[in-house]
Amino acid sequence: MVDSAEATLKTLALELPSPPKALASYVPVQQVGELLYTSGVIPSWNGDVQFRGIVGADVSVKDAARAAEICALNIMALIRQHAGSLDRVEQFIQLSGFVRSAAGFEEQPKVLNGASDLIYKVFGERGRHTRQALGTSELPLGVPVEISAIIRLKP
Amino acid sequence: MVDSAEATLKTLALELPSPPKALASYVPVQQVGELLYTSGVIPSWNGDVQFRGIVGADVSVKDAARAAEICALNIMALIRQHAGSLDRVEQFIQLSGFVRSAAGFEEQPKVLNGASDLIYKVFGERGRHTRQALGTSELPLGVPVEISAIIRLKP
Amino acid sequence: MVDSAEATLKTLALELPSPPKALASYVPVQQVGELLYTSGVIPSWNGDVQFRGIVGADVSVKDAARAAEICALNIMALIRQHAGSLDRVEQFIQLSGFVRSAAGFEEQPKVLNGASDLIYKVFGERGRHTRQALGTSELPLGVPVEISAIIRLKP
């Protein structure tokens, strides 16, 4: 087995979007020591929002999981832009995921598995992260999912 | 005074649950340097959810604070499993706590004190952490509280 | 250009409130290595809550952005109290901001720009942080905004 996330991405025929841009006085990533912090990313592709709505009401769990996958691809795009290659990842440390939830919707973990499973597929053991899976009532631009990450880079 | 969280736990006659398991492509903890990150934990005991509902509606502040205590015990169980002993804790750094809140419910801090007070009781000064106390509308499995932690371990 | 946040604060004629106190078994800040973690701060001034309500309902975006500014000033007060001077800041790493949102309110980023823009004004490039901008239904004491920060200090 080749320990290359870039090679795996190619094998899976996965493309990355252009990395999300800062929209204000903040930046998409900050590195401190070996730790890379990302801003919260939303399910946009090259800047265009792909999903809007409330999971459990007008967005299905399946679509929301796809939205979470797109969030994960945006996080990968940020890593590649900042570090030059996905193969600079030593270990994913944490994902914080917020799911915009209809009243009584309890399956936030299923939604976020869209991101977690994809990251594990691409990075293998280096992709295994801790996770906060949370529901919320509202998110920016009306998106159904927002995710941020902490990643350890190789020295 | 003995600076031993394990001894204090015994004195308080507190038991820990079995540590929560990862439910998907994520892990319960990740360590980077001396910092231990936990996933979000819920008020379950050996895997069985102990509380469900909305605080300020069908869950009282008192019960929700007890749910937060159980979250803290699950965090301790993760620390002991990962590090071998609670006495490996150098300092609790941060708790992020989310309380599933009825409309107009403002006492999230009181609920989370269930966790904060217990951690302080067991760890003394090493238990003093920063805290994010947040309300939210929905949480996984319908639980009233979810908490994650960042802990500094001894070298 | 003088690289001094304290001097810039003076030029802007900005005052800081007295730093928020811990209300329970937690502390306002914890430092680990060069990283300073703050607890979540609310729009209070010397302990008095300045804004209450739901953004998009009884609180305007403009007032909520002012509330976020006050959160930022409280974070600065915590930094100065802990580190002696704002000039000890090497880099803002992350802001996590929660906006108590009316149903359908999507402009959490505009609200949090109140904090982000002010921090950039005072700290320049050292103030550029990653950001989680999140909506939620309820917050402690009924405030419209809560923000926490991770800051890297100079060695």
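**Exercise 1. Place helix 3 of chain A on its sheet. Which strands does helix 3 lie across, and at what angle does it run to strand 5?**

Step 1. In this predicted model, helix 3 of chain A (residues 108-123) lies across strand 5, strand 6 and strand 7 of chain A.
Step 2. Its direction is at about 160 degrees to that of strand 5 of chain A.

**Exercise 2. Lay out the sheet of chain A. What is the strand order, and which strands are at the edges?**

Step 1. The sheet is open and has 5 strands. Their order is 1-2-7-5-6, with mixed pairing.
Step 2. Strand 1 (29-32) and strand 6 (130-136) of chain A are the edge strands. Each of them pairs on one side only.
Step 3. On average, neighbouring strands in this sheet are turned by 15 degrees against each other, direction ignored.
Step 4. Look at one pair. Strand 1 and strand 2 (residues 35-38) of chain A are antiparallel, with 4 bridges. Val29(A) sits opposite Thr38(A) of strand 2.
Step 5. Add helix 2 of chain A (residues 61-83). This helix packs on the sheet and touches strand 1, strand 2, strand 5 (89-100) and strand 7 (145-153) of chain A. Its direction makes about 35 degrees with that of strand 7 of chain A.

**Exercise 3. Turn to the sheet of chain C. Why is one side of strand 1 and of strand 6 left without a neighbour in the sheet?**

Step 1. Chain C has an open sheet of 5 strands in the order 1-2-7-5-6, and the pairing is mixed.
Step 2. Strand 1 (29-32) and strand 6 (130-136) of chain C stand at the edges. Each has a single partner strand, so one side of each lacks a neighbour in the sheet.
Step 3. Strand 5 (residues 89-100) and strand 7 (residues 145-153) of chain C run antiparallel, joined by 9 bridges. Within this pair, Gln94(C) has Ile150(C) of strand 7 as its bridge partner.
Step 4. Helix 2 of chain C lies across strand 1, strand 2 (35-38), strand 5 and strand 7 of chain C. Helix 3 of chain C lies across strand 5, strand 6 and strand 7 of chain C.

**Exercise 4. Classify the crossing of helix 2 and helix 3 of chain C. At what angle do the axes cross, and is the crossing left-handed or right-handed?**

Step 1. The axes of helix 2 (residues 61-83) and helix 3 (residues 108-123) of chain C come within 7 Å. They cross at roughly 40 degrees.
Step 2. Helix 2 and helix 3 of chain C are therefore oblique to each other.
Step 3. The crossing is right-handed.
Step 4. Name the residues. Helix 2 of chain C contributes Val61(C), Ala64(C) and Cys71(C), among others. Helix 3 of chain C contributes residues including Val111(C), Leu112(C) and Ile119(C).
Step 5. Sort the contact by class: 11 nonpolar, 2 polar and 3 charged residues.

**Exercise 5. Describe the side of chain A that touches chain C. How many residues of each chain are in contact, and which element of chain A gives the most?**

Step 1. 24 residues of chain A contact 24 residues of chain C.
Step 2. On the chain A side, strand 1, strand 2, strand 5 and strand 7 give two or more residues each. Strand 1 of chain A gives the most, with 3 residues.
Step 3. By class, this side of chain A has 12 nonpolar, 10 polar and 2 charged residues.

**Exercise 6. Relate the chains. What rotation superposes chain B on chain C?**

Step 1. The rotation is 120 degrees, with 0.0 Å of shift along its axis and an RMSD of 0.0 Å.
Step 2. That is the relation of a three-fold axis.
Step 3. The copies use different surfaces, as 8% of the contact residues of chain B recur in chain C.

Definitions and conventions:
Residues are numbered from 1 along each chain as its sequence is written. Chains are lettered from A and ligands numbered from 1 in the order in which they are written. This is a predicted model: local features need pLDDT of at least 70, side-chain atom pairs count only at pLDDT 80 or more; totals for chains, interfaces and linings use all residues. Copies are superposed by least squares on the C-alpha atoms of residues with pLDDT of at least 70 in both. Two residues are in contact if their C-beta atoms, placed from the backbone, lie within 7 Å. Axes are lines fitted to C-alpha atoms, for helices over the stretch in contact, and angles run from 0 to 180 degrees between N-to-C directions. Angles under 35 degrees count as roughly parallel, over 145 as roughly antiparallel, 65 to 115 as roughly perpendicular and the rest as oblique. A crossing is left-handed if the near helix is turned anticlockwise from the far one by less than a right angle, and right-handed if clockwise. Ala, Val, Leu, Ile, Met, Phe, Trp, Tyr, Cys and Pro count as nonpolar, Asp, Glu, Lys and Arg as charged, and the others, Gly among them, as polar. Two strands pair if DSSP finds at least two bridges between them.
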